[in-house]
Structure formats: structure tokens, C-alpha cells
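Subject: Handing over a structure

Hello,

I am passing a structure on to you, and I have added some notes to help you find your way around. Please open it first and then read on.

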Amino acid sequence: MTVERRTWWKEATVYQVYPRSFADGDGDGVGDLAGLADRADYLDDLGVDAVWLNPVYESPMADNGYDVADYRAIDDTFGTMDDWRRVRDALHDRDIRLVMDFVPNHTSDEHEWFEISRRRGATADWYHWADGVDAADASWSSERGPDGEAPPNNWQSFFGGPAWSYDDEREQWYLHLFDPKQPDLNWENPAVREAVADEMQFWLDEGIDGFRLDVVNLLSKPAGYPNGEQSDPFNGTLRLVPNGPRIHEYVSELAEEVFDDERLLTVGECIGEPSVEEAAEYVGPDGDGLSMIFHFDHVGIGRGERLWEREEWSLTDLKETFDRWQEGLYGRGWNSLYFNNHDQPRVVSRFGDDDEYRRESATCIATLLHTLRGTPYVYQGEELGMSNPTFESLSEFRDVETVRTVENALAAGEVSSFEAIKDGLNAHSRDTSRTPMQWTTGEHAGFTDGDPWIRLHEDHDEVNVERQRGDPDSAWHYYRRLIDVRDDHPVLVYGEYENHTPEDERVWAYTRTLDDANTATDTAADANHDRAFVALNWSGDRVDVTPPQAVAGADTTLELSNYGETPSPGAVESYTARPWEARVYLLK
């Protein structure tokens with residue numbers, strides 16, 4: 001018997017705010033905390049339960065805040081600590097919890113810890129320092145070190161180029177799995193673990209409700225820094241480094257010291273390709289103490305190995321991935337449910353139809369995420385059906401990963417020109433999701449009175465909050481209703497999932513079932529609706545939908561449809577689904 005305890009974060013809908021692009025309160029063209037505080041009523045009206053706030057710590061912004069120079073200070077870009085407390089209070093006053101994005105794997109090279117470490121001071125061994133090797137004996141090289149010397153191994157940065165840079169002051173190489181301005185902390189050192197725990201405790205003492213832990217599965221590095229695959233160093237690094245030998249020791253220790261409280265939401269980003277079995281070691285009753293993880297299995301579908309490469313994908317591929325996680329973590333942990341975030345392209349462009357059926361496909365895909373077992377995450381603008389913009393030149397991109405990867409590829413002759421990879425970049429670059437939130441039909445879409453830090457989407461006059469809140473049939477109003485329906489029916493939170501159309505290339509139909517075997521003793525189950533049937537037409541065609549025998553003819557209510565006509569009582573019968581139509585039936 002699987003007994004799922006009731007916790008707020010399982011029942012919550014989490015809204016992600018990328019502050020740089022959400023709302024600008026001071027008119028300098030960059031979103032900030034004042035702008036976020038001013039929009040608290042908007043979040044309340046949408047009905048979300050928590051906000052995940054991307055980093056706002058002091059930072060030189062080499063990676064838009066993921067290079068932290070001081071964990072306890074707010075960067076001037078976003079405001080002051082008083083502005084942050086105003087956000088916290090504005091959210092809490094509306095019963096919206098606040099989850100901070102925390103970066104435990106690396107700091108900025110401008111952090112005091114690194115400045116002292118490079119001088120071999122008190123924090124000398126707080127980072128990964130190593131001597132280089134004779135370039136004549138190595139099959140790898142770097143332009144960042146002394147002549148005749150190669151980095152300690154062939155690891156590649158996830159932003160392109162070697163994962164090691166030479167420091168002239170210390171006369172050694174330091175490890176950075178991301179940008180050279182993001183040196184990796186040495187978690188082998190107990191002093192590092194204690195210091196990171198202290199920084200996290202500072203924010204808990206300020207009254208936050210949890211953490212999103214950036215690339216948490218990279219904390220433990222393979223002993224001795226072994227080389228990755230010689231033939232493919234980048235992917236060799238990606239396969240070798242995550243989930244290192246002491247990772248579960250580190251995460252468990254952090255959980256015990258800092259967030260051993262089920263009232264906190266803790267979600268760990270796990271890059272690479274963690275399996276369901278590996279995920280269960282981080283979460284669940286027998287795991288390290290995290291509430292859930294972010295994995296990338298589903299958002300890796302349709303992507304090639306290079307940033308600009310695209311591959312064919314099918315709905316059955318997507319179903320197989322979701323089925324594996326829905327079934328594999330059942331009773332062993334909790335799923336996060338997302339398509340969009342600050343690192344992923346807009347889902348309506350990726351898996352939907354951002355042209356003729358933008359609203360219908362956006363709401364169909366949203367229905368999936370809000371009716372599966374797990375916690376749904378809404379990324380700013382997703383509730384409007386925002387789509388990928390079109391960047392016309394490399395100079396329009398702001399993302400360090402995109403710019404550096406393309407520049408390296410051009411320099412190495414791997415691609416002939418920007419134009420040759422333009423379409424792929426516009427499909428997959430992280431900047432596709434970072435264009436400003438579209439609030440109004442006015443100048444700069446109501447995001448700022450100044451010049452936006454990154455270009456606006458070309459459709460901002462048509463797709464914006466102002467228009468959609470005035471249209472009861474809009475994607476925004478559907479999201480509002482969808483969040484309400486999930487809130488009202490525990491079967492959509494805790495019910496067991498069964499896919500009835502695993503091989504169908506257009507229809508995704510499944511049931512959720514809530515009974516004594518999966519209802520916690522302290523969970524008030526909806527006695528009138530212990531089953532739900534969800535049918536999604538994942539196509540632009542009209543498609544016949546036949547309910548499975550388990551629900552055909554059952555006494556139901558059509559509780560939600562992205563074509564309206566709800567609620568509507570009656571038996572579940574076969575019907576012809578309109579393009580991208582989504583239906584949610586509740587069975588008595």
C-alpha cells in the first residue's frame with residue numbers, strides 16, 4: 001500500500017519569476033524586486049501558491065546572477081534588502097510562499113572566498129585547484145594557461161571550452177564547470193559545507209519557504225579528476241561528473257543541517273540524465289531529503305547534441321518519458337511537472353503550435369501538467385501562451401551559453417555562419433524564454449519605461465496580460481480555472497496515473513484514481529470524485545476519442561475543457577475532439 005502524506009508543496013502550483021524579465025519598477029530597462037512587489041496582486045489573482053525566485057544576490061552577472069559574489073546581499077540591479085523584504089511580505093500577506101534559488105555548486109570569482117583562496121589564504125582549499133600537465137603529453141589544450149602547459153584533464157565546460165582556467169596569482173588551474181567566472185566549490189572540504197549551510201540558514205531566518213538548488217547533483221566530483229571520453233570530451237564530462245561518489249552524503253547532510261522540515265519545498269536541479277532510480281535516492285521516504293528534483297528527460301526530446309540541432313520527436317516519445325516517471329516514482333518520491341523555465345524554450349513553440357492554434361495548444365499542454373501526479377510549475381508568461389521570439393543576429397542574444405558556444409563553433413569552423421544555425425538557435429537558446437513579460441499593449445509591453453535589457457517578442461501587442469484578462473476565453477483565464485480545479489480535487493494531486501493510449505500519436509488519454517491505497521490518512525479525499533479521466537488531442541486535426549472501458553458510460557461531470565462548455569454532467573461517451581482540445585472529466 002502506498003500512503004502519500006499531505007503537504008502543501010504537493011498540492012501547490014509554483015510560479016517561477018525570472019526577475020530580470022518580469023517587471024521593472026525603476027525604469028532602467030531591467031526587471032527588479034520593486035516591480036515584482038507591485039505585481040503581487042497579479043500572482044494572487046492567478047491563484048498560484050508559491051513563487052520560485054531566480055537569483056537576486058550580489059553578482060557581476062556573468063551568468064545573470066548564477067555567479068554569486070555575496071549570498072547575503074541583494075544586487076543593485078534588483079534593488080535592496082528592503083525591496084526583497086517587501087516582496088516577501090507582499091507574497092506572504094496573500095498566502096503565497098517564497099522559494100529562493102540557491103547556488104551551492106559554485107560562486108563568482110569575485111566572491112571573497114575565491115579572492116582569499118587564490119592568495120592561498122584561509123579559504124585556500126575551498127575550490128578545486130590543480131597543477132597542469134605537460135602539453136606534449138595531453139590530447140587537450142587551452143588558451144588560458146602558460147605556454148607548454150595543458151589543463152589538469154580534458155573536462156569541458158557546459159558553456160563551451162575547457163572546464164579549467166589558469167590563475168596567474170596562484171599559478172594553478174581552477175575548475176569551473178560553467179563560465180570561468182563561476183569557480184566550483186570544493187565540497188570535499190567540511191568548512192565549505194558548513195559555510196554553504198550557514199548562507200542557506202540566513203535566508204530561512206529571513207522567513208523563506210524553501211529552496212531551488214541549482215545543479216545540485218554536481219557537488220561531488222570524481223576522485224582524481226579522471227579524463228572523460230577522449231573522442232567526445234563534452235558529453236564525456238556530462239556523463240562522468242554528475243552524481244559523484246559522495247553526492248548523497250552531501251545532500252543528506254545539507255538536508256539534516258538546514259532543511260529537515262517537510263514544510264519547506266526543496267527542489268534540486270539534476271543535470272545530465274538521472275534515471276528514476278537515481279532520482280529516488282534524492283527524494284521520497286528513503287531519499288536524501290529533497291522534496292523533488294528537476295530532471296531533463298522530457299525537455300531533451302527533440303534536441304540534438306549541439307545547441308542549434310533539432311531532431312524529430314513524437315508524442316509517443318513524450319508519453320513514454322512521462323509514463324516512466326509517473327509510474328517509477330509512485331510511492332518512492334514526488335515529481336516536478338514543467339516544460340518551461342529560464343533555461344528552456346517556450347513550450348508552445350516546442351511541443352505545441354505557436355501559429356494557428358497557439359491558445360488551444362498552450363492550454364492543452366497546461367492541462368497535462370496540472371492533471372498529472374506531481375507539483376506543476378508555471379514559468380512567467382506561460383499562462384499567456386508566450387512563444388519563442390525570432391532573434392535576427394547573434395548580437396541580439398544575451399545568454400552567455402548561447403553567445404560563447406556559437407563564437408567557439410564559428411572560430412573552430414564547426415559552423416559556417418550565424419545564418420546557418422539561426423533557426424536552431426531560435427528554437428533552443430535560453431534567451432527564447434527570457435524576453436520581457438508582456439503586460440500591456442503600451443510601449444515596451446508595460447514591462448519598463450526604459451529600454452529593455454533584451455528585445456521584446458514581436459507579438460507583444462497581441463499577446464499580453466491586459467488583453468487576456470479582458471477576454472474570458474483567453475489562455476490566462478483557462479490557467480486560472482485549471483489551477484482552481486486542481487486545488488478542489490485531491491484526485492488530480494494524489495491519484496494513481498494510468499495511460500490508456502500509449503501508442504496513439506495524437507491522443508493522450510489517462511485516468512487518475514484515488515482510493516485507500518494512495519490516500520494519506522490525513523488527506524481529505526473528495527468522496528464524490530475519486531477518479532478523473534483526462535483526454536488530450538495533441539494535434540491540429542479533428543480526432544475521434546473513445547474512452548477506455550473503465551470509464552465509458554460512467555456517471556461524470558465534464559469539469560474542464562479548453563473549448564468551454566463546462567461544467568457539464570453526463571456519461572462519458574465517444575466524441576470527436578477538436579484541434580488541441582483538452583477535457584477533464586470527474587467520475588463519481
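Let me start with K181, which has a relative accessible area of 24% and is therefore partly exposed. Please keep in mind that this is a predicted model. K181 forms a salt bridge with E110, and their closest N and O atoms are 3.0 Å apart. This pair ties together distant parts of the chain, 71 residues apart: K181 sits in the loop between β10 (172–175) and α6, while E110 sits in the loop between β5 (97–102) and α5 (112–118). E110 also counts as partly exposed, because its relative accessibility is 43%.

How many salt bridges does a search of the whole structure find? The count is 40, and I picked out a few more for you.

One of them is between the side chains of R85 and E206, at 2.9 Å from N to O. Here too the partners come from distant parts of the chain, 121 residues apart, with R85 in helix α4 (residues 81–93) and E206 in the loop between α6 and β11 (210–213). Are these two residues buried or exposed? R85 has a relative accessible area of 28%, so it is partly exposed. E206 has a relative accessibility of 15%, which is under the 20% cut-off, so it counts as buried.

The salt bridge between R324 and E320 has an N to O distance of 3.1 Å. Both residues belong to helix α10 (residues 315–328), where they are 4 residues apart, or about one turn of the helix. R324 is partly exposed at 33% relative accessible area, and E320 is partly exposed at 42%. Elsewhere in your tour, look for D63, D343, D399, E401, R430 and R434, which are joined into one network by salt bridges that share partners.

Finally, a word on how two helices pack. Helix α6 (residues 190–205) and helix α8 (residues 247–257) have axes 10 Å apart and meet at an angle of about 40°. That angle makes α6 oblique to α8. Their crossing is right-handed. Which residues make the contact between α6 and α8? From α6 come R193, A197, M200 and Q201, and they meet Y250, E253, L254 and E257 of α8. Sorted by class, this contact holds 4 nonpolar, 1 polar and 3 charged residues.

Enjoy exploring, and write back whenever you like.

Best wishes

Conventions: Residues are numbered from 1 along each chain as its sequence is written. This is a predicted model: local features need pLDDT of at least 70, side-chain atom pairs count only at pLDDT 80 or more; totals for chains, interfaces and linings use all residues. Side-chain values use heavy atoms; hydrogens and water are left out. Axes are lines fitted to C-alpha atoms, for helices over the stretch in contact, and angles run from 0 to 180 degrees between N-to-C directions. Angles under 35 degrees count as roughly parallel, over 145 as roughly antiparallel, 65 to 115 as roughly perpendicular and the rest as oblique. A crossing is left-handed if the near helix is turned anticlockwise from the far one by less than a right angle, and right-handed if clockwise. Contact means heavy atoms within 4.5 Å. Ala, Val, Leu, Ile, Met, Phe, Trp, Tyr, Cys and Pro count as nonpolar, Asp, Glu, Lys and Arg as charged, and the others, Gly among them, as polar. A salt bridge is a side-chain nitrogen of Lys or Arg within 4 Å of a carboxyl oxygen of Asp or Glu. Buried means under 20% relative accessible area, exposed over 50%, partly exposed in between (1.4 Å probe, protein chains only).
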